[in-house]
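User: Could you take a close look at one part of this model for me? I'd like to start with a proline and its peptide bond, and then hear about whatever else stands out.

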Amino acid sequence: MNRYLCIHGHFYQPPRENPWLEVVERQDSAHPYHDWNARITSECYAPNAVSRILDGKGKIDQIVNNYSRISFNFGATLLEWLEDQQPEVYQAILEADKESMKHFSGHGSALAQVYNHVIMPLANARDKDTQVYWGIRDFVSRFGRQPEGMWLAETAVDVASLEALAAHDIRFTILAPHQAAQVRSRQGGDWKNVEAHTIDTTRPYRAYLPSGRTIDLFFYNGPVSRAVAFERLLTSGERLANRMLDIYHGGHNNAQLAHIATDGETYGHHHAHGDMALAYALNYVEREGLAQLTNYGEFLEKNPPEWEVRIHDNTSWSCAHGVGRWKENCSCNSGGHPGWSQHWRKPLRDSLDWLRDKGDHAFDTKARELLKDPWQARNEYVELILHRTEAKTREFLERHQARSLNEEEQVLALQSLEMQRHMQLMYTSCAWFFDELSGIETVQVIKYAARALQLMEVLAGESLEEEFLRRLEAAPSNLPEHKNGRHIYEKWVGPGKVDLSKAAKHYAVLCLFEDPPSSRHLPVYSYNSEKLQQWRVGQDRMSVGRIEVRSTITQKKRVFSIAVLFFGKYNIVGAVDETMDRPTAERMVEDFKEAFLRADITSVYRLLNQYFKEPSFDLSSLFHDQQRVIISRIVEDAMHEVDSLSQQLYHRNDSLIRYLIGLQLDLPPSLKNTVDWVLGTQIQAALDSSAFDLKHLQVLLQEAQLLNLDLDRPQVILGLQQGVESYTQDWLEDALQLAPLKKLQASVHWVQSLPFSVDLYRVQNIFYRMRTKLLPIYEQKKLSDSSEDKEWCKALATLNVDLDFRPLPS
C-alpha cells in the first residue's frame, strides 16, 4: 500500500512550578482541580491513554491507548510533573512508545522537544544548543532510546535552529506548510517557489545546511490540521478519517503520507471527547484498510526524501508575522480582548535579554574559576535536574570542578548553574503568547527571572534587581490596576521569594501543627530540628530552639535560632535569627520555656524583643498552599460554632422551608443561605470522608434536590468519582466475592441515575481490564447451580451495562 497516515499531537504545558519551591501551587482558575496541569490531565492526557471506541449502539467496544498509534511529543517539564503527580498516565505514555515500536518497524512514535519551549530563532547560539541538549537527555532518561525527531516550540524555525538539531543528530522535525520557501528534486534542477497551498505535504524533504549537515522536514497538511483544531472536525471520528483520506492526490505514484499536526490538548481539553474521535478514526482507517498507519521515523526509513527544501527563516505556525508574537506588538493575540494591545511584549523580551547577558557574563567569568568548562557543565547539568541526589551531585562536581572545591565553592558552583536553569525557564514561550502582561503564564516567567536575579547577586557580587525593575517598568499592562511590569513584580513576585530564613520560618510554623512536619510540605529543603523544643498549654503552642536548613538543590545551609508562638484563633507570632550563638540560644530556650509554661504571654513577647533583632513573622510566612491548610485548621473551631447555629436555625424552620418550597416560593435570602450552608457542609463532609458512605450521601443529595440547593457541582462530581473509585479498589481486592461487587454495582447504578453527569472513566478503565480476565469465570459461573454464583453473574452483567459496555455474552 502506498497510502500512509500519521497524526501528530504536540502535548505541552508551560512549567508552572514555584521557582523557589519546585512545586505547582494551587491555581484557583482550574477549580475544582488543584492546578491547570491536573485539570488538563483529567480532560486530555489521561483519556488519550484509555480512549473509548464505541459500537453501533453507543456502547464501549474497546479501550485503547491513542499514543501508541499516533506520533506525539510531550514537553520535558510536563513529563516531569506527570511522573511525580500522575504516575499511571506517565507510565502509559512510556509504554505507548514501546508499543509503537512493535507497530512501526522499530521506530518509536515519541519525539523529543526543545526543553522548555523557547522560541528558538530568538535564542542565542548557546541557548539553542542547551535547549536541544537538555531536550534530548530528558527524552533518553525517560524513553530509554535516542530520539529520531524533535519538536520546535510553535514550529518556530530558522536555519540556525535546524543546525542546532542536526548537530545533535536529530534526523527530522515537523513544520507548517507556509514555512517552506522553495523545493526541487534532489536530482537537481531549478528551485520552485512554494506556498502553503502549493507545497506537496505528502512527501518528506531534505534540507541541506550551511555546515554541510542535513535534516529532513515534514510539512503537515494545513487545512485538515486547522479543521481539527478550530472547525469542530472532532465531532465525528469517521469525518476526521475521511478528511485525512482526502489529502491523497494523483500527482505522483510514490508513497504518500497524509499527516496533520495540532496541539495534543485538542483531543479532549479544547474539544471534549476529542480523544474518542481520534481513536475511532484510527480504528476506522485500519479496519477498512483505507491506509497504513505509520509514524515519521518508519515512513522515512521506507521512503527517503527525493526532494530538497529551503525554508522561510524566522517563521512559526501561530504567528502570521513570523515570530513577532514573542517579541513585539504584532497584532497576533487570542482575539478575546478587543482594544487591548501587546506593547508589553518588547519591553519584557528586552528586559530578559538584558538579564541573560548580565548573567552569562557573570557565569563566564566567575564560574570559570570553579568549573573546567562552565558551558559544558551547564549542558550536563540536566543530569542533576533529572536526578537530584547527593551522590549524583558529588559525582557531577567531581567531574566538572576546575580544582578541588571547598563546601562554599561547591555551593557557589551549583548556584551559578541554577541561575542558568532559571534563565532558560524565563524564556518559556507562553509568556508572550497571550494578551496580558499580568496573565499567569507571563507572571510565571517573571518569577523565573526573579529567582535568576537572586542567584546572580551571589555570583556577580551586586544586586541587579532595581535596574531590572526599571526596565520592566516600560512594559504596560492593559489593566489600569496592574500598571506595568514593575508593579506586577512588586505585587506578585517579590513577596513570594524564598531564602533559607523564610524556609526556616515556614518549618517553625508547621511544627506548631505537625510533629514532625510532613516532607511533602517542605519541597527542596531539608531540616535538622533536633535542638527544637515544642510545648503546649491548653490550645496555646510554642516552638523554640535551633534548626539547620539546607537547600537540596544548591546545598547551601544555615543554622537559625527561632521562636514561634500560637495563642488561639489566627494569632501566630515568631522571630528568627542567624547570628545567635549556641550558649545564648540554649539560655533563650530555658527562658521561653519558663514563661510559656506558666502562661505568661506578656513575658513571652518581652523575650521575643529581647532575643531577636529582626522583625517578627506571622502566618504569612507559610508557603502559599500550606497557608490554606493551616488556616482551615485554625478556623475550624469558629466554623463549628457557625455550623451549630446554622443547624439549629435549619431544624427550627424545617417545616417552614419545606412549606415554602412546596408552594414554589423563593426562600428569604437569610433562610436560603442557611439551607445552602447546612446541606453543603454535610455533603462536603461526606465526600471528604475516608470511608465513602453511599447511603448517607444518597439521603443528603435527595434532600439537596428537594430543597433546590445550589451545589458546587464540579466539586460534588469530583467527590463522587473518587468515592466510586474507592469502591472499585475494594472490589479489585477480591473480584470473585459477591459483596464488594454488589456494593460497586449499586454505587455506579445510583451515580448514573443522578440529574447531572458523573464521568466514571477511571472505573471503566479498571473494569475493562478485569472484564477480559473475568469472562471465562463468568461463563463457568453461569452454568453453576449455586444461587450465589448466579447472583454474582447478574451483578457483573448489570455493572457491565451501567458502565456502558457492550453486553456480556448471554
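Analyst: Sure. Keep in mind that this is a predicted model. P32 is found in the loop that runs between β1 (3-11) and α1 (36-49). Its peptide bond is the thing to look at: going from H31 to P32, the bond is cis, with omega near 10°.

While we're on loops and backbone geometry, two other spots deserve a look. D169 is not a glycine, yet it has a positive phi of about 65°. You'll find D169 in the loop between α5 (159-167) and β7 (172-175), and because its relative accessibility is 66%, D169 counts as exposed. N314 is also a non-glycine residue with a positive phi, here about 55°. N314 lies in the loop between β14 (307-311) and α10, and with a relative accessible area of 36% it is partly exposed.

That loop leads us to α10 itself. Helix α10 (residues 345-366) pairs up with helix α16 (residues 440-460): their axes come within 10 Å and cross at roughly 30°. Angles under 35 degrees count as roughly parallel, so α10 and α16 are roughly parallel to each other. The crossing is left-handed. On the α10 side, the residues that meet α16 are L348, L352, L355, K358, G359, A362, F363 and K366. Facing them from α16 are T442, I446, A449, L453, M456, L459 and A460. By type, the residues of this contact split into 11 nonpolar, 2 polar and 2 charged.

Another helix pair to check is α2 (residues 76-85) with α4 (residues 125-143), whose axes come within 10 Å and cross at roughly 35°. This crossing is left-handed too. A76, L79, E80 and E83 of α2 make the contact with D138, R142 and F143 of α4. Here the residues divide into 3 nonpolar, no polar and 4 charged.

Last stop: K790, which sits in helix α30 (residues 787-802). Because its relative accessibility is 42%, K790 counts as partly exposed. Setting aside neighbours within four places in sequence, K790 is in contact with K782, S784 and D785. With S784 there's a specific atom pair to zoom in on, since the side chain of K790 reaches the backbone oxygen of S784 at 3.1 Å. If you'd like one more distance to check, the C-alpha atoms of K790 and Y778 are separated by 9.3 Å, with the two residues 12 apart along the chain.

Definitions and conventions
Residues are numbered from 1 along each chain as its sequence is written. This is a predicted model: local features need pLDDT of at least 70, side-chain atom pairs count only at pLDDT 80 or more; totals for chains, interfaces and linings use all residues. Side-chain values use heavy atoms; hydrogens and water are left out. Helices (H or I, at least four residues) and strands (E, at least two) are DSSP runs, numbered from the N terminus. Buried means under 20% relative accessible area, exposed over 50%, partly exposed in between (1.4 Å probe, protein chains only). Contact means heavy atoms within 4.5 Å. A polar contact is a pair of N or O atoms within 3.5 Å; within protein, one must be able to donate a hydrogen and the other to accept it, and residues adjacent in sequence count only if both atoms are side-chain atoms. Axes are lines fitted to C-alpha atoms, for helices over the stretch in contact, and angles run from 0 to 180 degrees between N-to-C directions. A crossing is left-handed if the near helix is turned anticlockwise from the far one by less than a right angle, and right-handed if clockwise. Ala, Val, Leu, Ile, Met, Phe, Trp, Tyr, Cys and Pro count as nonpolar, Asp, Glu, Lys and Arg as charged, and the others, Gly among them, as polar. Angles under 35 degrees count as roughly parallel, over 145 as roughly antiparallel, 65 to 115 as roughly perpendicular and the rest as oblique.
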